[in-house]
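This report describes the strands, helices and domains of one protein chain, with a few residues picked out. The sequence and structure come first.

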Amino acid sequence: MNPIPVNTPLFNGNELKYLTECIETGWISSEGPFIAKFEKEFSQYIGPKYGVAVSNGSAALDIAVKALNICTGDEVIMPTFTIISPAQSVVTAGAVPVLVDSDPITWNMDVLQVEAKITPRTKAILVVHIYGLPVDMDPILQLAKKYQLKIIEDAAEMHGQTYNGQKCGSFGDLSIFSFYPNKHITTGEGGMILTNDLALAERCRKLRNLCFEPNGPRFVHHELGWNYRMTNLQAALGLAQLEQIDHFLTIKKDIGNTYQTQLSFLTELGFRLPKPSTAFAHNINWVFGIVAPGIKIKEKIVEGLAKEKIGTRPFFWCMHQQPVFQNMGLFKNESYPVAEELANNGFYLPSGLGLKQEELVRVTEVLKAIIS
Ligand SMILES: *Cc1c(COP(=O)(O)O)cnc(C)c1O
């Protein structure tokens, strides 16, 4: 039996053609023409005026935090249930992540818990859209206005998703995307920052390029940044992938629909499946997660699938339970029961764009067999 990995990317468009163009013209570094093209096309697709392509999504978050001058003494409100990147960017900038629990249905941050966490030190709300459904943005936008807070929007899993008809990745003062191979479109490694603010865009460009002064003498620096530049090869891949985004969104929708239909019996057994839609969005199924009624049951299922060479991934591990942050003295005695339950009991099934129909059928059949 062939293994079914948790993710397989799909390259059916102009990927090879554009990559060949890079090789034939010799433009492979961050100086090549595909970068500006990809920045323009992607920012137009999402909505904001400016796009700054970078080496990965985590780099985009580092830049976003620094571009907003978030530093020692500042607090940034974010979900505890997320990948480590947003919290890492805030902590390495010297600021403190202030965590909120999750909504048990959408698995996104519980927006009703945000206002109580605002203090005079709060500088920004870092919104992270999780797994396929967007965060309820209106309450967040209202709070940002009321308390004059910045919004960083981590839309790394949200290519093409909308909130009340407006594209995710267009709500933040700075919004970020990742193009890791399991995202809706990939550049291998890659990321982008989007903004409508020209000054912020220019600051992000400078930060990704070691803070070379665009108009000053070369090799004279007034500030530290990073080499977080995207290469022309990555941008070539990204442009070819972006041309296929509508098709990719349809594939993901079909994967989600098939799992929902085939696995609906699980809900009667106390499992939770992703919510197919909310009042403001349909699920784009970045990944198809399942929350088991207990950690032992989850482990049994994951082992059973692994035995049949079917890949899964556990859900994110909460930020307040990360040893690295606990060792820094962060989040002492904090607990977030909804997020902890998701982290303990959640896992996701193969959901990549390259997943074949017969593989999808086999995953659901093996899962049914394990559970019976
Ligand atoms: C993938 C992801 C990132 C990080 O992106 P990389 O390109 O892997 O660094 C950040 N935030 C979220 C929510 C993600 O899913």
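## The sheet around β2

Strands β2 and β3 run parallel and are joined by five bridges. Within this pairing, E75 has V96 of β3 as its bridge partner. The model is a predicted one, and the values in this report are to be read accordingly.

On the β4 side, β2, which covers residues 75-79, is joined to β4 by three bridges, and these two strands also run parallel. E75 takes part here too: its bridge partner in β4 is T122. E75 therefore has a bridge partner in β3, namely V96, and one in β4, namely T122, as β2 stands between β4 and β3 in the strand order β1-β9-β8-β5-β4-β2-β3.

## The seven-stranded sheet as a whole

The sheet that holds these strands is open, has seven strands and shows mixed pairing. Its edges are formed by β1 (50-54) and β3 (96-100); each has a single partner strand, so one side of each is left without a neighbour in the sheet. From one strand to the next, the twist averages 20 degrees.

Further along the order, β4 and β5 are parallel and share five bridges. In this pair, L126 stands opposite I152 of β5. Between the two strands the chain passes through α5, and the resulting β-α-β crossover is right-handed. β4 is mostly covered, with six of its seven residues buried.

## Helices on the seven-stranded sheet

Which strands does α5 touch where it packs on the sheet? The helix touches β4 and β5, and its direction makes about 170 degrees with that of β4. α6 also packs on the sheet, where it touches β1, β8 (174-178) and β9 (191-195). The direction of α6 makes about 15 degrees with that of β1.

## The two faces of α5

Helix α5 spans residues 137-147, and its buried residues are M137, I140, L143 and A144. Seen down the helix axis, these buried residues fall within an arc of 125 degrees, so they line one face of α5. They pack against β4 (122-128), β5 (150-154) and β6 (162-163).

The face turned away from the buried side carries Q142, K145 and K146, which are exposed. After the helix comes Q148, which has a positive phi, near 55 degrees.

## The three-stranded sheet

A further open sheet has three strands in the order β10-β12-β11, paired in the antiparallel sense. Its edge strands, β10 (288-291) and β11 (313-314), each pair on one side only. Four bridges join β10 to β12, which covers residues 346-349, and the pairing is antiparallel. Within this pair, V291 stands opposite G346 of β12.

Helix α10 (residues 295-307) packs on this sheet and touches β11 and β12; the angle between its direction and that of β12 is about 25 degrees. Helix α12 (residues 337-345) packs on the sheet as well, touching β10 and β12, and its direction makes about 50 degrees with that of β12.

## Domains

The chain is divided into domain 1, residues 15-242, and domain 2, residues 245-371. How far apart do the C-alpha centres of the two domains lie? The separation is 25 Å. Across the boundary, 43 residues of domain 1 are in contact with 44 residues of domain 2.

## Two loop residues

L224 belongs to the loop between α6 (198-208) and α7 (232-242). Is L224 buried or exposed? Its relative accessibility is 68%, so L224 counts as exposed, the cut-off being over 50%. Residues up to four places away in sequence aside, L224 touches K66, L207 and C211. The C-alpha atoms of L224 and C211 are separated by 5.9 Å, although the two residues are 13 residues apart along the chain.

Q322 lies in another loop, between β11 and α11 (323-326). With a relative accessibility of 14%, Q322 counts as buried, because buried means under 20%. Its contacts, leaving aside neighbours within four places in sequence, are with I84 and W317.

Methods: Residues numbered from 1 in each chain as written. Predicted model: local features only at pLDDT ≥ 70, side-chain atom pairs only at ≥ 80, totals over all residues. Heavy atoms only, no water. Buried < 20%, exposed > 50% of the residue type's maximum accessible area, 1.4 Å probe, protein only. Arc of directions from axis to C-beta. Contact = heavy atoms within 4.5 Å. Pairing = 2+ DSSP bridges. Right-handed = clockwise from strand over helix to strand, strands pointing away. Axes fitted to C-alpha atoms, helices over the stretch in contact; angles between N-to-C directions. Domains from an automatic or database assignment.
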